[in-house]
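Biologist: I have a model open here and would like to go through its pockets. Can you take my questions one by one?
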Amino acid sequence: MDLPKRLAALAAFIPHGSIAADIGTDHAYLPIFLIKQGICRFVIATDLREGPFQSAVHKIKEHVLEDRIGLRLGDGLQPLKPGEAEVVVLAGMGGNTIRGILAGAPQTLAGIKRLVLQPMTDAGDLRVWLAANGWKIADEELVEDDGRIYVIIAAEPGREVTYDPVYLELGPRLLEKRSPLLGRHLNGFMVKYERVLAGLALAHSTAAREKALEIEGKVARIREVAACL
Ligand SMILES: C[S@@+](CC[C@H](N)C(=O)[O-])C[C@H]1O[C@@H](n2cnc3c(N)ncnc32)[C@H](O)[C@@H]1O
């Protein structure tokens, strides 16, 4: 089975021999890969919606992995019992959806040793939530798949040392590691904020001017960071 590069990169953040839960599994590609590669001894796979759940049922049957992948229908971490999994994976969803799922299940999260997260948007908000809720950002990576850059965040219980919101938005471990894709990652922020600034320039309210000033400050900081690469 050819796993998308994005999911293969994510699998590298899952400790060998662990029991993982893949929340929002859709087609169950990741759980099948984790078992077939001998990375996990058991995977719990969940999805909120009947359609993706059924496609996971078929894929798991096709690979005859019904005894190694426990498939469950349900919202967020609700299908998990506390202590059942060591690692929780949330991939391919918006950062604020991931944040909502994590915030909604503190008891289940209490026993989790590692979160492996791949937010499609709002990674900064997610990191801010992690840092404020007893999770340190253990590692991060950027991966390019089909022309798009994805961010992967591995978080573990502990104290995050970075509080600066700009660094949390860009990815503190990404900055430390100086990933080869970092320049393009930072450029993506600048393009996004330049677009917002162009929109704000058309509005003439005080609120728009204040917002523009705030964003200009952020763009200047991102330029400083990019200049040090
Ligand atoms: C875009 S797919 C990503 C699938 C896979 N994780 C990946 O990265 O390729 C998002 C999946 O998350 C599921 N989902 C969305 N919100 C969810 C929630 N609150 N609980 C469980 N699953 C959810 C959707 O039904 C969908 O199958």
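Biologist: How much space lies in the largest pocket?
Modeller: About 650 Å³ of space lies in the largest pocket. A pocket here is an open set of points on a 1 Å grid over the protein atoms alone, where a 1.4 Å probe fits, with protein on both sides within 12 Å along at least five of seven lines. This is a predicted model, where local features need pLDDT of at least 70 and side-chain atom pairs count only at pLDDT 80 or more, while totals for chains, interfaces and linings use all residues. Residues are numbered from 1 along each chain as its sequence is written, and side-chain values use heavy atoms, with hydrogens and water left out.
Biologist: Which residues lie nearest the centre of the largest pocket?
Modeller: Asp-122, Ala-123, His-185, Phe-189 and Lys-192, out of 22 that line the largest pocket. Lining residues have an atom within 4 Å of a point.
Biologist: Which element gives the largest share of that lining?
Modeller: Helix 9, with 5 residues. Helices are DSSP runs (H or I, at least four residues) and strands are too (E, at least two), numbered from the N terminus.
Biologist: Changing topic, where does the ligand sit?
Modeller: In the second largest pocket. To sit there, more than half of its atoms must lie within 2 Å of the pocket's grid points.
Biologist: Which residues come nearest to the ligand?
Modeller: Arg-6, Gly-24, Asp-47, Asp-75 and Gly-76, of 17 around the ligand. Around means that a heavy atom of the residue lies within 4 Å.
Biologist: What does Asp-75 offer to a nitrogen atom of the ligand?
Modeller: An N or O atom in the Asp-75 side chain, 2.8 Å from a ligand nitrogen. For Gly-76, a polar backbone atom is 2.8 Å from a nitrogen atom of the ligand.
Biologist: And which strand gives the most to the shell around the ligand?
Modeller: Strand 4, with 3 residues.

Conventions
Polar contact = N/O pair within 3.5 Å; in protein donor to acceptor, adjacent residues only side chain to side chain. Points joined across faces, edges and corners; volume = space filled by probe spheres on them.
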